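User: I'm new to this structure and would like a close look at one part of it. Could you walk me through the spaces inside the protein and the surroundings of the ligand?

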Amino acid sequence: MCTITLINGDGIGPEICDAVMKIIKASGLEINWDIQTAGADVAEVEGTPLPERVIASILKNKVALKAPVTTPIGKGFRSVNVQLRKDLDLYANLRPCKNLPNVKTRFENVDLVVVRENTEDLYAGIEQMKDIDTAESIKIITRGASERICKFAFDYALKNNRHEVCVVTKANIMKLSDGLFLESYRKVAENYPQIKKREILVDNLCMQLVQDPTRFDVLVMPNLYGDIVSDLTAGLIGGLGVAQGANIGEDCAVFEPVHGSAPDIKGQNKANPTALLLSAVEMIKYIGENSYAEKIERALFKTLSQNIKTADLGGSATTTEFTQKVIENL
Ligand code: NAI
């Protein structure tokens, strides 16, 4: 039996984890969950929201499924997500965006992937008050990290029969930092003659995505743009409740939904477990159990096709009812 770390998060985290664990168990796939708590409540007891035991567990098990964790705005501890990605060097953030059955959205045939550099840019967390009225954040872009993520994007494209890798920057304004990212892309791209290349500025990308997202295939970009653009693309396929994600490094991988801990609906049995479930499906593929992944995905799609949906998708099913229906459809 495979052991996988489960960070059950806070807000709606524990509710959606419970749903996903039940569905996976009902599919027949046996997983020994190494449940690790993290976040605000843990910080009060253990002095840090991300204790060493969580990192140790992921390093040992190599794979984790993670529910969202609340990060206080403005002051307080550093984001658990940012810290985890940094500590484990999970340099690639992968966010596939594809229409789901019976989830009505503005566009059909959306099928794109956002590949986001996960370890640097403005998220390196280098900030200081220069004086009482001036805050400074430093944007770090290195050649090594930029080439590594561009290579990841091209390899992903090759492996998954994708045709194009488009690089997204604001290199016309940030000529040095985004310029270096672009230069790295161009260098890596030379090794992939089979894949189409394309360069776009992030503002133009946003406009084109809301005009016609079917124009895009694989998109690779620095951290901050990736964070924003992947929420935009989540909106194109039905919102945060259905958008999956993964953070992948050389040694381990953490699969997690794009959405946050949704404190506004915590404990109300309203949360949509789909995004975490789709992240789990990718995780199950990653550990090589493709038949279980396909089985769960089929059951989920069937449930949506039967018009069983949670409130965020315009339905009336509770988290419990939705979960039960997916289990029946297995
Ligand atoms: P959020 O994603 O938690 O919520 C935005 C809106 O989407 C809310 O109206 C919420 O109810 C809805 N929503 C999100 N997930 C849903 C789901 N599964 N089912 C139904 N509705 C859902 O974003 P927000 O409010 O900006 O962040 C809340 C907290 O989460 C913050 O502390 C933030 O730092 C943290 N966060 C954590 C992330 C992570 O752990 N990976 C990612 C993003 C935010």
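Analyst: Here's a walk through the cavity, followed by the ligand's surroundings. Keep in mind that this is a predicted model.

Let's start with the cavity. The structure has one cavity of 30 Å³ or more, and the largest cavity holds about 50 Å³ of space. Where does the largest cavity lie? Domain 1 (1–91 + 244–330) and domain 2 (106–236) each supply residues to its lining, so the cavity sits between them.

Who's in that lining? You'll find Val 82, Arg 85, Lys 86, Arg 116, Asn 118, Thr 119, Tyr 123 and Asn 223. Helix α4 (residues 80–87) gives the largest share, three residues. Sorted by class, the lining has three charged, three polar and two nonpolar residues.

Now for the ligand. There are 21 residues around it, and those that come nearest are Val 69, Thr 71, Gly 260, Ala 262 and Asp 264. By class, this shell has nine nonpolar, eight polar and four charged residues.

A few atom pairs are worth finding on screen. Asp 264 has an N or O atom in its side chain 2.9 Å from an oxygen atom of the ligand. With Ser 261, a polar backbone atom is 3.0 Å from a ligand oxygen atom. Glu 256 places a polar side-chain atom 3.3 Å from a nitrogen atom of the ligand. As for cover, the ligand taken alone exposes 810 Å², and the protein buries 69% of that.

Notes: Residues are numbered from 1 along each chain as its sequence is written. This is a predicted model: local features need pLDDT of at least 70, side-chain atom pairs count only at pLDDT 80 or more; totals for chains, interfaces and linings use all residues. Side-chain values use heavy atoms; hydrogens and water are left out. On a 1 Å grid over the protein atoms alone, a cavity is a set of points where a 1.4 Å probe fits but cannot get out, and a pocket is an open set with protein on both sides within 12 Å along at least five of seven lines; lining residues have an atom within 4 Å of a point. Grid points are joined across faces, edges and corners, and a volume is the space filled by probe spheres set on the points. Helices (H or I, at least four residues) and strands (E, at least two) are DSSP runs, numbered from the N terminus. Ala, Val, Leu, Ile, Met, Phe, Trp, Tyr, Cys and Pro count as nonpolar, Asp, Glu, Lys and Arg as charged, and the others, Gly among them, as polar. Domain bounds come from an automatic or database domain assignment. A residue is near a molecule or strand if one of its heavy atoms lies within 4 Å of it. A polar contact is a pair of N or O atoms within 3.5 Å; within protein, one must be able to donate a hydrogen and the other to accept it, and residues adjacent in sequence count only if both atoms are side-chain atoms. Accessible areas come from the Shrake-Rupley method with a 1.4 Å probe; for residues, only the protein chains shown count as cover.
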